[in-house]
Amino acid sequence: MKKRIYIVRHCEAQGQPPESQLTEKGLIQAKYLSEFFSNSKIDRIISSPFLRAIQSVEPISEETNINIEIDERLSERTLSTTDLPDWLEKLKATFNDLELKFQGGESSKEAMNRIVTVVDEVFKSESENTIIVTHGNLMSLLLKNYDNSFDFDCWKNLSNPDVFVLCNTNNEVYKKRLWQEELIEK
């Protein structure tokens, strides 16, 4: 049996805190996402507890009558609990050294293991087609797990929203980018 997990990066948000809502543009993007998935059979929707992630898949949930399951493990990675003025350089370093960890934060390896555990559980479940909505850094670490060439520049090139699919056929996992924001902006 072929199983698919659609990995969705949330739509455009007003900020980074967990309670940040989608912008007006983000709410429109969420409707586009729903249209994008309208011809796909979806069995399950799992989301980060962050409001922007939930709001990104609410239209899909309403359209399919599938409840959104919240999974804390899909929360965005904390790079550090202290202010890092050079956070972008620090983030880049964590793509090269997966064990690198800053004060109060998670290493790339720890965050990667967290989301890979969720994906493995979904692949072992009865669901054939699942949507997982998460955040850019965590999503990129998941994709790096299946393709080591997925690096910092790939993370920088993600859009809000963005969609990849992971297909598991005979215990082989393949990834493919399906959609990104630039494809619908006219």
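The legends below describe close-up views of a predicted model of a single protein chain.

**Figure 1. Overall fold of the chain, with six helices and six strands.** In sequence order, these elements follow the pattern β-α-β-α-β-α-α-β-α-α-β-β. The C-alpha trace extends about 45 × 40 × 30 Å along its principal axes. The radius of gyration is 16 Å, which agrees with the value near 16 Å that a compact globule of 186 residues would have. Of the contacts in the chain with a separation of 6 or more, 64% link residues that are 24 or more positions apart.

**Figure 2. Surface and charge of the chain.** The exposed area is about 9600 Å², and carbon and sulfur atoms supply 45% of this area. Buried residues account for 50% of the 186 residues. The side chains include 23 positive and 31 negative groups. The centres of these two sets of charges lie 4 Å apart.

**Figure 3. Surroundings of Arg 9 in strand β1.** Strand β1 covers residues 3-9, and Arg 9 belongs to this strand. Arg 9 counts as buried because its relative accessibility is 13%, under the 20% limit. Leaving aside residues up to four places away in sequence, Arg 9 touches Thr 134, His 135, Gly 136, Met 139, Leu 158, Ser 159, Asn 160, Pro 161 and Asp 162. The C-alpha atom of Arg 9 is separated by 9.4 Å from that of Asn 137, although the two residues are 128 residues apart along the chain.

**Figure 4. Helix α5, residues 136-146.** This helix is mostly covered, with nine of its eleven residues buried. The buried residues are Gly 136, Asn 137, Leu 138, Met 139, Ser 140, Leu 141, Leu 142, Leu 143 and Lys 144. Among them, Gly 136 and Met 139 are also contacts of Arg 9.

**Figure 5. The cis peptide bond between Asn 160 and Pro 161.** Omega of this bond is about -10°. Most peptide bonds are trans. Pro 161 is placed in the loop between α6 (152-156) and β5 (162-169). Both Asn 160 and Pro 161 are touched by Arg 9 of strand β1, as is Asp 162.

**Figure 6. Asn 170 and Asn 171 in the loop between β5 and β6.** Strand β6 spans residues 172-180. Asn 170 has a phi near 50°, a positive value in a residue other than glycine. Asn 171 likewise has a positive phi, of about 65°, and is not a glycine. Most residues other than glycine have a negative phi. With 68% relative accessibility, Asn 170 counts as exposed. Asn 171 also counts as exposed, at 71% relative accessibility; the limit for this class is over 50%.

**Figure 7. Cysteine residues of the chain, with zero disulfides.** A disulfide is a covalent bond between the sulfur atoms of two cysteines. The sulfur atom closest to that of Cys 154 among the cysteines is in Cys 167, 19 Å away. This separation is too far for a bond, because a disulfide requires sulfur atoms within 2.5 Å. Cys 154 counts as partly exposed, at 27% relative accessibility. Cys 11, in contrast, has 0% relative accessibility and therefore counts as buried.

Methods:
Residues are numbered from 1 along each chain as its sequence is written. This is a predicted model: local features need pLDDT of at least 70, side-chain atom pairs count only at pLDDT 80 or more; totals for chains, interfaces and linings use all residues. Side-chain values use heavy atoms; hydrogens and water are left out. Helices (H or I, at least four residues) and strands (E, at least two) are DSSP runs, numbered from the N terminus. The radius of gyration is taken over C-alpha atoms; the globule rule is 2.2 Å times the number of residues to the power 0.38. Buried means under 20% relative accessible area, exposed over 50%, partly exposed in between (1.4 Å probe, protein chains only). Contact means heavy atoms within 4.5 Å. Accessible areas come from the Shrake-Rupley method with a 1.4 Å probe; for residues, only the protein chains shown count as cover. Lys and Arg count as positive and Asp and Glu as negative; His and the chain ends are not counted. The place of a charge is taken as NZ of Lys, CZ of Arg, CG of Asp or CD of Glu.
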